[in-house]
Amino acid sequence: MALWKSTGNGTLEGISHVADLDASKLTVTLSETLKPIPPPDTWQFGNIMTDHMVVAEFDPETGWSDPEIKPRAPLSLDPASSCVQYGTTVFEGMKAYVGPDGKPRLFRPDMNMARLARSAERMALPPFNTDQVLALIKQLIIVDRRWIPLLSEHSMYIRPTLMGTRMGLSVAASDHATLCIFLSPTGPYFRSGGKSISVLAVFDTVRAWPGGTGGHKVALNYSPGFLPLRTAQKQGYDQILWLLGDDMKVTEAGAMNIFIVVRRDDGDVDLFTPPLDGTILPGVTRDSVLALAEAHTAGEINLPGLQKTSRIHASERTFTMDDLSRWSSDGKLLEAFGAGTAVIITSIGKIGFKGEDIILPEHEGGLGPIANAFRTRILDIQEGKEVWKNWGVVVDGKTALTKTEV
Ligand code: COI
């Protein structure tokens, strides 16, 4: 594969033939002591890590190193590394569930791999073969399979991370990189017992802007939101509703894509989510919701709890805070929900804006019927209870998991 050649000062010019990432060259060093698995009710999102990780390094002269699975441990980074100084980190969020056959399953991993490659390219990080990254993820899942929770709605969260590791302060692309993949068993993202969350719509800070990186999964999309989030939480809201532009276009909710359900005059419902204009993350769950809505309305599937005859008109379209206020006061705003890998689907019950709250209809258990239909069907596919297209990808390991392994 043709890769970049370093000019020695961090700029990447020309091409040379160097080693591509190759999962067949994987070496595995198992940890001598395995950690006890804490009880699932003590897990918070991302606070428990498994025993092993994948590491591979890119050097512009030689290409990708032979990947390793080794005991999970801190990485050694020069403080002048590109990712430390200039934030050249991109990542993915994926999940593995155990199916009824005891085999781990990934959910549409090809979409995550394609997005990881796009994010890396956007941050001018070295390229890699995405099939090989996926093969490494599968190997790591097999090695750490005892950590995959067998409880429903629990899963193994997977964080493939690519960091620019060029040492030096010149403001230029990183021609060195480290790929690190690690795993974190996880339960429900919001521990609100299925209740809806509240969001505060903000217009003085923005998550993304035209021509920026909002459509990629780069670490720097997230950290600038921490301060506004803290401010929103002090005002009693759970998350931020990110707006953009003078017309206050609704873009995303927290780290999730947003959907709203609006009643139509013909009795059907519209399902709206903002279009992928470069400011919106092309979420895997987002895409799945749109595809399932289309399949339901075309009569190809029947979403759980919904009438076969109910029609959901899904479209990617811009909507503003004015639209939300109007639909709400007309009694047409039926549901709002966030979608993302970590949360799957979570309902939004209150939207704060300029000192007032838009209150959405309450539903028993938090989720409205449409949000619940998507959440149930997606989780069923993730947990291998339902098969839909090629969305569930079985990880064939040596042994199937049994309940005694938890
Ligand atoms: C995800 O939903 O997987 C995300 O990456 C969002 C957040 C946890 C960073």
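How many residues of the lining of the largest pocket are nonpolar, how many polar and how many charged? The lining divides into 19 nonpolar, 13 polar and five charged residues. This structure is a predicted model.

**The largest pocket**

Start with the space itself. The largest pocket holds about 740 Å³. Its lining is made up of 37 residues. Nearest the centre lie Tyr-189, Lys-217, Tyr-222, Gly-254 and Ala-255. Several helices and strands each give two or more residues to this lining. The helices are α4 (226-234) and α5 (284-297). The strands are β7 (89-91), β10, β13 (239-244), β15 (256-263) and β18 (333-340).

Where does the largest pocket lie with respect to domain 1 and domain 2? Domain 1 covers residues 4-186, and domain 2 covers residues 197-382. Both give residues to the lining, so the pocket lies between them.

**Salt bridges**

Now turn to charged side chains. Side chains of opposite charge can pair when their charged atoms come close. The structure holds 19 salt bridges. Three of the pairs are set out here, with the distance between N and O atoms.

| Pair | N to O distance |
|---|---|
| Lys-25 and Asp-22 | 3.8 Å |
| Glu-153 and Arg-375 | 3.1 Å |
| Glu-383 and Lys-385 | 2.9 Å |

Take Glu-153 and Arg-375, which form a salt bridge. This pair links distant parts of the chain, 222 residues apart. Glu-153 sits in the loop between α3 (130-143) and β10 (155-164). Arg-375 belongs to helix α7, residues 369-382.

Salt bridges can also join up into a network. Arg-264, Asp-266 and Asp-270 are linked in this way.

**Buried or exposed?**

How do the paired residues sit relative to the surface? Take each pair in turn.

Lys-25 has a relative accessibility of 43%, so Lys-25 counts as partly exposed. Its partner Asp-22 has 22% and is also partly exposed.

Glu-153 is partly exposed too, because its relative accessible area is 34%. Arg-375, at 15%, counts as buried. The cut-off for buried is under 20%.

Is Glu-383 buried or exposed? Glu-383 has a relative accessibility of 7%, so Glu-383 counts as buried. Lys-385 has 52% and counts as exposed, because exposed means over 50%. This salt bridge therefore joins a buried Glu-383 to an exposed Lys-385.

Notes: Residues numbered from 1 in each chain as written. Predicted model: local features only at pLDDT ≥ 70, side-chain atom pairs only at ≥ 80, totals over all residues. Heavy atoms only, no water. Salt bridge = Lys/Arg side-chain N within 4 Å of Asp/Glu carboxyl O. Buried < 20%, exposed > 50% of the residue type's maximum accessible area, 1.4 Å probe, protein only. Helix = DSSP H or I, 4+ residues; strand = E, 2+ residues; numbered from the N terminus. 1 Å grid on protein atoms, 1.4 Å probe; cavity = no way out; pocket = protein on both sides within 12 Å on 5 of 7 lines; lining within 4 Å. Points joined across faces, edges and corners; volume = space filled by probe spheres on them. Nonpolar A, V, L, I, M, F, W, Y, C, P; charged D, E, K, R; others polar. Domains from an automatic or database assignment.
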